[in-house]
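This report describes selected features of one protein chain, from its interior to its backbone geometry. The sequence and the model are shown first.

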Amino acid sequence: MPTTRTAFVLTALLIAAPALAADPGPLFQFNGKDLTGFYTYLHDHKYEDPDGVFKVVDGEIRVSGAELGGFITKEEYENYHLIAEWRFTGETHAPREKNARDSGILVHCTGPDDAWGGHWMQSMEANIIEGGAGDFIVVSTKAKGGKDLRLSAHVREGADKQWYFTPDGSGELREFDSGRINWYDRDPAWKDVAGFVGKNDVQNPVGEWNTMEMICDGDSITVKVNGKVVNLGLKSTVTKGKITFQSEYAGIAFRRIEILPLPAK
């Protein structure tokens with residue numbers, strides 16, 4: 001039993017000690033059972049999915065890719081750390097049955113669900129394509145009252161006339177209102193063919209799981225693939241919105257999807 005003096009000291013220390021902040025937990029988390037927290041949108045079928053493009057099987061969200069669209073968070077998010085585990089399941093569909101398997105994660109989605117091409121929202125995309133996981137695409141359109149979105153990055157121009165992120169910051173700080181910002185070590189010999197593997201790719205082969213992280217902090221977007229920073233966008237003109245996981249003519253599955261708050265600064 002503590003003495004009166006010991007009890008007094010312990011009480012004083014407890015009063016003086018700063019309160020430990022409780023772990024707030026994820027802002028959102030895929031429950032492994034169904035699409036609670038998401039809705040789906042498809043080019044032809046809009047908010048219906050009669051062909052089962054999106055299914056939850058064995059704790060995975062399996063996307064057939066047969067129709068352009070995506071599954072989308074119902075809520076908007078800003079200042080967060082997204083973690084998504086994904087794998088290509090193998091199948092491909094016309095008109096890209098012989099092309100590189102393709103998908104993507106769109107953050108800061110804003111405006112109508114069909115603003116871009118009739119199936120995606122305006123947004124900043126981290127591409128998931130064979131050989132190019134982590135490329136940025138500025139999904140911007142002025143159709144249907146859309147805005148001219150912009151994203152900047154330190155880049156160099158390759159011999160192929162494409163722009164590549166420079167992780168050491170040595171490249172030109174260039175602003176993009178469309179097009180692609182390649183991840184820094186994308187193979188310049190990339191070809192749009194199914195099964196393409198670049199010599200320095202960090203993504204795993206078809207069928208194996210990968211982890212993509214997107215850290216959205218103010219107007220910056222950091223992209224990591226399998227633990228490696230592959231791209232960094234700056235001065236994004238959108239900093240808040242929904243998140244879309246694409247359906248784009250290739251089968252893909254997602255299992256862990258978590259949206260975490262950023263640490264306090």
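The text below covers nonpolar cores, salt bridges, one sheet, backbone geometry, a buried glutamine and the cysteines.

The model is predicted.

**Nonpolar cores**

The largest nonpolar core has 49 residues, and within this core Ile 105 and Phe 245 touch the most other members. Leaving out residues up to four places away in sequence, Ile 105 touches Leu 82, Ala 84, Met 124, Glu 125, Ala 126 and Ile 128. The list for Ile 105 also includes Met 212, Met 214, Ile 243, Thr 244, Phe 245 and Phe 254. Phe 245 is thus a contact of Ile 105 as well as the other residue named for touching the most members of the core. A second core, separate from the largest, consists of nine residues, among them Tyr 41, Leu 68, Leu 106 and Met 121. In soluble globular proteins, nonpolar side chains tend to be buried together.

**Salt bridges**

The model contains 15 salt bridges. Three of the pairs are set out here, with the N to O distance and the relative accessible area of each partner.

| Pair | N to O distance | Relative accessible area of each partner |
|---|---|---|
| Asp 58 and Arg 62 | 3.7 Å | Asp 58: 68%; Arg 62: 29% |
| Glu 130 and Arg 101 | 3.3 Å | Glu 130: 3%; Arg 101: 13% |
| Arg 150 and Asp 148 | 2.9 Å | Arg 150: 25%; Asp 148: 29% |

Asp 58 is exposed, while its partner Arg 62 is partly exposed. For Glu 130 and Arg 101, are the side chains buried or exposed? Glu 130 is buried because its relative accessible area of 3% falls under the 20% cut-off. Arg 101 is likewise buried, at 13%. This salt bridge links distant parts of the chain, with its two residues 29 positions apart. Glu 130 belongs to the loop between strand S8 (122-129) and strand S9 (136-139), and Arg 101 to the loop between strand S6 (80-92) and strand S7 (102-110). In the pair of Arg 150 and Asp 148, Arg 150 is partly exposed and Asp 148 is partly exposed. Salt bridges with shared partners also join Asp 58, Glu 60, Arg 62 and Arg 87 into one network.

**A three-stranded sheet**

Strands S11, S10 and S12 form an open sheet in the order S11-S10-S12, and the pairing is antiparallel. Strand S11 (163-165) and strand S12 (172-176) are the edges; each has a single partner strand, so one side of each lacks a neighbour in the sheet. From one strand to the next, the twist averages 65°. Strand S10 (residues 151-157) is joined to S11 by three bridges. Across this pair, Arg 156 stands opposite Tyr 164 of S11.

**Backbone geometry**

Which peptide bond is cis, with omega near 5°? It is the bond from Ala 94 to Pro 95. Pro 95 lies in the loop between S6 and S7, the loop that also holds Arg 101.

Two residues other than glycine have a positive phi: His 108, near 55°, and Asn 226, near 50°. His 108 is part of strand S7 and is buried, with a relative accessible area of 0%. Asn 226 lies in the loop between strand S15 (220-225) and strand S16 (228-233) and is partly exposed at 30%.

**A buried glutamine**

Gln 246 sits in strand S17 (residues 242-247) and is buried, at 1% relative accessibility. Beyond its neighbours within four places in sequence, Gln 246 is in contact with Val 63, Gly 69, Gly 70, Ser 103, Gly 104, Leu 106, Trp 120, Glu 125 and Ile 252. Of these, Leu 106 is a member of the second core, and Glu 125 is also touched by Ile 105.

**Cysteines**

How many disulfides are there? The count is zero. For Cys 109, the nearest cysteine sulfur is that of Cys 216, 10 Å away. For Cys 216, the nearest is that of Cys 109. A disulfide would need the two sulfur atoms within 2.5 Å, which is why this pair, at 10 Å, does not count as one. Cys 109 is buried, with a relative accessible area of 1%, and Cys 216 is buried at 0%.

Key: Residues are numbered from 1 along each chain as its sequence is written. This is a predicted model: local features need pLDDT of at least 70, side-chain atom pairs count only at pLDDT 80 or more; totals for chains, interfaces and linings use all residues. Side-chain values use heavy atoms; hydrogens and water are left out. A nonpolar core is a set of buried Ala, Val, Leu, Ile, Met, Phe, Trp, Tyr and Cys residues joined through side-chain atoms within 4.5 Å. Buried means under 20% relative accessible area, exposed over 50%, partly exposed in between (1.4 Å probe, protein chains only). Contact means heavy atoms within 4.5 Å. A salt bridge is a side-chain nitrogen of Lys or Arg within 4 Å of a carboxyl oxygen of Asp or Glu. Helices (H or I, at least four residues) and strands (E, at least two) are DSSP runs, numbered from the N terminus. Two strands pair if DSSP finds at least two bridges between them. Axes are lines fitted to C-alpha atoms, for helices over the stretch in contact, and angles run from 0 to 180 degrees between N-to-C directions.
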